[in-house]
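Pull up the model and take a slow look around with me. We'll go from the inside outwards, with a few backbone oddities on the way.

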Amino acid sequence: MKLGNIKKQRERKRLNSIYDYTLDELKSQLKPSFRAKQVYNWLYKKYVTSYDEMKNIPNDLKELLKQEYPIDILEIIKREKSSDGSIKYLFRLRDGHTIEAVFLLMKKKKIDENGQIQRSEKFTVCISSQVGCKVGCSFCLTAKGGFVRNLTVGEIVNQIVQIKRDMQIPENKSLNIVYMGMGEPLDNYKNFVHAVKVFSELDGLAISRRRQTVSTSGISKKIERLGNEDLGIQLAISLHAVDDELRSELIPMNKAYNIQSIIDAVKKFPVDTRKKVMFEYLVIKDKNDDLASAKKLLQLLDGIKAKVNLIYFNPYPGTSYQRPQSSDMIKFQEYLVNKGLLCTIRESKGLDISAACGQLKEKELNGST
Ligand code: SF4
């Protein structure tokens with residue numbers, strides 16, 4: 001065997017974890033196969049952190065599992081709670097690198113048929129897919145540290161498990177996942193797709209694929225590939241600009257995959273009948289906040305079941321970009337809504353807790369709190 005292959009095999013072994021596997025994969029590897037379901041139950045419904053806690057698993061199997069399928073837990077090294085209920089987590093991986101995930105809380109009020117106010121809470125978790133990122137967006141702190149490595153399937157999955165455990169979220173409480181944290185999920189394609197499958201296992205976390213949204217900076221050929229797999233997940237595109245010049249300034253990868261190529265790929269993507277493709281548009285003062293941009297956006301999205309999410313740019317130390325005026329945001333939104341396009345302005349969730357990706361990690365590295 002070539003040295004490179006041995007190294008790769010060792011690396012795989014070093015990083016493997018029980019959280020890497022779908023239920024079918026575990027069933028095919030554990031004897032008798034029903035043990036796989038029991039293990040899944042302990043991991044994803046009871047959130048245990050050691051095989052010794054799995055009471056119905058025989059000791060000899062526990063020993064094998066400890067050797068071959070370590071329970072690789074992400075260590076929570078920091079959490080920041082915002083006044084709006086969002087919590088930002090900083091995790092340490094086994095090799096010492098750190099990643100972030102954000103728990104977002106949406107409170108809803110609804111009047112029922114008896115005229116009573118019904119309150120409900122919606123949980124969404126934004127997770128990371130890579131340590132660092134290759135895309136290099138100019139507004140992003142993660143980009144500044146460059147790319148380090150892809151997350152394994154287990155590291156993607158364990159972010160949700162640890163947050164559910166930490167927040168004591170009951171197993172049957174539904175949860176949404178957005179792949180919108182550090183990294184470009186489609187650049188870690190295989191592991192991301194595998195994680196989607198692990199999350200949606202009914203005997204595990206049972207997070208429906210319709211509740212999982214991948215947010216991409218627009219790698220057109222991977223959007224097409226994902227569309228062909230027809231996984232049933234939702235798609236969000238970080239568009240941010242309507243002309244290639246500005247978009248290439250904001251997202252250098254736009255030089256390889258320009259706006260038109262993204263729009264063409266999205267048009268082929270299978271969209272659930274009750275859903276829409278989300279276009280994220282980060283509004284930056286005097287860059288893309290004018291009505292001419294709104295008009296161009298409308299033209300671009302013609303023929304797509306689209307929803308636009310306008311996001312206030314959230315300034316951070318060292319950036320030259322500025323937060324837009326609320327009045328300009330509203331004019332932009334009104335223009336699109338009046339033309340029949342669904343458009344929301346995203347509340348700056350967690351504004352006071354370093355909301356843009358990479359900010360908590362940056363603070364940790366600088367030693368500030
Ligand atoms: S915004 Fe997202 S895609 Fe762009 S550099 Fe940051 S992590 Fe990567």
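**From a buried strand to the surface**

Strand β9 (residues 234–238) is largely enclosed by the rest of the structure, because five of its five residues are buried. Keep in mind that this is a predicted model. Both faces of β9 are covered: Gln234, Ala236 and Ser238 sit buried on one side, and Leu235 and Ile237 are buried on the other. As for neighbours, β9 pairs with strand β8 (residues 212–216) in the parallel sense, over four bridges. To find your place in that pairing, look for Thr213, which stands opposite Gln234 in β9.

Now pick out Ala236 in strand β9. Ala236 has 0% relative accessibility, so it counts as buried. Val178 is 58 residues away from Ala236 in sequence, yet their C-alpha atoms are 9.2 Å apart in space.

Next, follow the chain on either side of β9. The loop between α8 (220–229) and β9 holds Asp230, whose phi is near 45 degrees, a positive value in a residue other than glycine. On the other side, His240 is in the loop between β9 and α9 (244–250). His240 isn't a glycine either, but its phi is positive too, at about 70 degrees. Which of these is buried and which is exposed? Asp230 counts as exposed because its relative accessibility is 52%, whereas His240, at 6%, counts as buried.

Carry on past α9 and you reach Pro252, in the loop between α9 and α10 (259–268). Pro252 is partly exposed, with a relative accessible area of 31%. Its C-alpha lies 7.9 Å from that of Ser138, although the two residues are 114 apart in sequence. Another proline worth a stop is Pro32, in the loop between α2 (23–29) and α3 (34–44). The peptide bond joining Lys31 and Pro32 is cis, with omega at about -15 degrees.

On to the charges. The model has 17 salt bridges. One of them pairs Asp166 with Arg79, with the closest N and O atoms 2.7 Å apart. That pair links distant parts of the chain, 87 residues apart: Asp166 belongs to helix α6 (residues 153–166) and Arg79 to strand β1 (residues 75–81). Both ends are partly exposed, Asp166 at 28% relative accessibility and Arg79 at 46%.

Lys134 and Asp187 form another salt bridge, with 3.4 Å between the closest N and O atoms. Here the link runs from loop to loop over 53 residues: Lys134 lies between β5 (130–132) and α5 (141–144), and Asp187 between β7 (175–179) and α7 (189–199). Lys134 counts as exposed at 53% relative accessibility, while Asp187 is partly exposed at 22%. Elsewhere, salt bridges that share partners join Asp52, Glu63 and Lys66 into one network. Within that trio, Asp52 and Lys66 bring their closest N and O atoms to 3.0 Å. Asp52 sits in the loop between α3 and α4 (59–68), and Lys66, 14 residues away, is in helix α4.

Finally, turn to the surface, where Lys108, Lys110, Lys122, Arg211, Arg274 and Lys275 form a positive patch. Lys108 comes from strand β3 (residues 98–111). With 49% relative accessibility, Lys108 counts as partly exposed.

Notes
Residues are numbered from 1 along each chain as its sequence is written. This is a predicted model: local features need pLDDT of at least 70, side-chain atom pairs count only at pLDDT 80 or more; totals for chains, interfaces and linings use all residues. Side-chain values use heavy atoms; hydrogens and water are left out. Patches are made of residues with over 30% relative accessible area and no salt bridge: like charges are joined within 9 Å, nonpolar side chains (Val, Leu, Ile, Met, Phe, Trp, Tyr) within 5 Å. Accessible areas come from the Shrake-Rupley method with a 1.4 Å probe; for residues, only the protein chains shown count as cover. A salt bridge is a side-chain nitrogen of Lys or Arg within 4 Å of a carboxyl oxygen of Asp or Glu. Lys and Arg count as positive and Asp and Glu as negative; His and the chain ends are not counted. The place of a charge is taken as NZ of Lys, CZ of Arg, CG of Asp or CD of Glu. Helices (H or I, at least four residues) and strands (E, at least two) are DSSP runs, numbered from the N terminus. Buried means under 20% relative accessible area, exposed over 50%, partly exposed in between (1.4 Å probe, protein chains only). Two strands pair if DSSP finds at least two bridges between them.
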